[in-house]
Amino acid sequence: MGGSLTTERGRDLHVIVVGLFGAGKTTVVDWLCPNGVTTMADNWETAIYKTRNSKVHFTVFDFVGQYNIKPLWLQYMQNTPAGLIFVVDSNDTEALSDANFELHNLLKQQRLVACASVLVLANKQDLPGAVEGSVIAERLGLSTRADTMTGRKWTVMQSSATFGLGIQEAVDWLCHNLDA
């Protein structure tokens, strides 16, 4: 199972939302879809977000720390996602090396090789000690990892899902880049 995005051009595209435990994935999706979240199983939810021109279906997986079920979630994706939203806790700098590892391993998966756009949400910017998006990009190796990033559109956008800051702009970027 994956989420789908119907763009202005009428194509159905697919988007997934992932990240380390506690990064704020559920808060991001809850902010976007306060009435539209359906829990499918522990740490697996789907949601629909409607914009003026498109409808985004998100599938949220919370996979770090649950290594026994991590290999299974790709089996539930019926379609190759065109976009990936990777949520990072900007206040937890110690977890950035784990985030780097998980992001690039994820992008090497066969179903995600064709994933054209990667949106990294540098979440929790409202907390003291949160690092800026440029630091997140560097620590995640977004500019230097040719094995996983070549040919992909990507950006890091700062956000505070608790207050909804930066979320709309981030989803707009993703929709624009998936529709291009």
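Is Lys 108 buried, partly exposed or exposed, and what is its relative accessible area? I looked this up first. Lys 108 has a relative accessible area of 44%, so I entered it as partly exposed. The model I am reading is predicted.

**Entry: overall make-up**

I counted the secondary structure as five helices and eight strands. Along the sequence I read the order β-β-α-β-β-β-β-α-β-α-α-β-α. The protein has 180 residues, and buried residues make up 51% of them. I also looked at contacts between residues at least 6 apart in sequence: 72% of these join residues at least 24 apart.

**Entry: salt bridges**

I found three salt bridges in the structure. I took Lys 108 up again here, since its side chain meets that of Asp 147 in a salt bridge, at 3.5 Å from N to O. This pair links distant parts of the chain. Lys 108 sits in the loop between α2 and β7, while Asp 147 belongs to helix α4 (residues 146–149), 39 residues apart.

Asp 147 also has Arg 145 as a partner, with the closest N and O atoms 3.0 Å apart. I noted Arg 145 as partly exposed because its relative accessible area is 23%. Lys 108, Arg 145 and Asp 147 are thus recorded as a network of salt bridges.

Another salt bridge joins Lys 124 to Asp 89, and here the closest N and O atoms are 3.3 Å apart. This pair, too, links distant parts of the chain. Lys 124 is in the loop between β7 (117–123) and α3, Asp 89 is in strand β6 (residues 83–89), and 35 residues separate them. I then checked both ends for accessibility. Asp 89 has 16% relative accessibility, so I put it down as buried. Lys 124 has a relative accessible area of 21%, so I put it down as partly exposed. The cut-off that divides the two is 20%.

**Entry: the loop between β7 and α3**

I stayed with Lys 124, which lies in this loop, and looked up its backbone. Its phi is near 70°, a positive value in a residue other than glycine. I marked it for a second look because most residues other than glycine have a negative phi.

Gln 125 is also in the loop between β7 and α3. At 22% relative accessibility, I count Gln 125 as partly exposed. Which residues does Gln 125 touch, not counting those up to four places away in sequence? I listed Ser 90, Ala 130, Val 131, Glu 132, Gln 158, Ser 159 and Ser 160. I also checked Gln 125 against Ala 161: they are 36 residues apart along the chain, and their C-alpha atoms are separated by 8.8 Å.

**Entry: helices α2 and α3**

At what angle do the axes of α2 and α3 cross? I have roughly 60° for helix α2 (residues 96–107) and helix α3 (residues 133–140), with the axes coming within 8 Å. That makes α2 oblique to α3. I noted the crossing as right-handed.

From α2, the residues in the contact are Leu 96, Ala 99, Asn 100, Leu 103 and His 104. From α3, they are Ile 136, Arg 139 and Leu 140. I sorted the residues of this contact into five nonpolar, two polar and one charged.

Terms used
Residues are numbered from 1 along each chain as its sequence is written. This is a predicted model: local features need pLDDT of at least 70, side-chain atom pairs count only at pLDDT 80 or more; totals for chains, interfaces and linings use all residues. Side-chain values use heavy atoms; hydrogens and water are left out. Axes are lines fitted to C-alpha atoms, for helices over the stretch in contact, and angles run from 0 to 180 degrees between N-to-C directions. Helices (H or I, at least four residues) and strands (E, at least two) are DSSP runs, numbered from the N terminus. Angles under 35 degrees count as roughly parallel, over 145 as roughly antiparallel, 65 to 115 as roughly perpendicular and the rest as oblique. A crossing is left-handed if the near helix is turned anticlockwise from the far one by less than a right angle, and right-handed if clockwise. Contact means heavy atoms within 4.5 Å. Ala, Val, Leu, Ile, Met, Phe, Trp, Tyr, Cys and Pro count as nonpolar, Asp, Glu, Lys and Arg as charged, and the others, Gly among them, as polar. A salt bridge is a side-chain nitrogen of Lys or Arg within 4 Å of a carboxyl oxygen of Asp or Glu. Buried means under 20% relative accessible area, exposed over 50%, partly exposed in between (1.4 Å probe, protein chains only).
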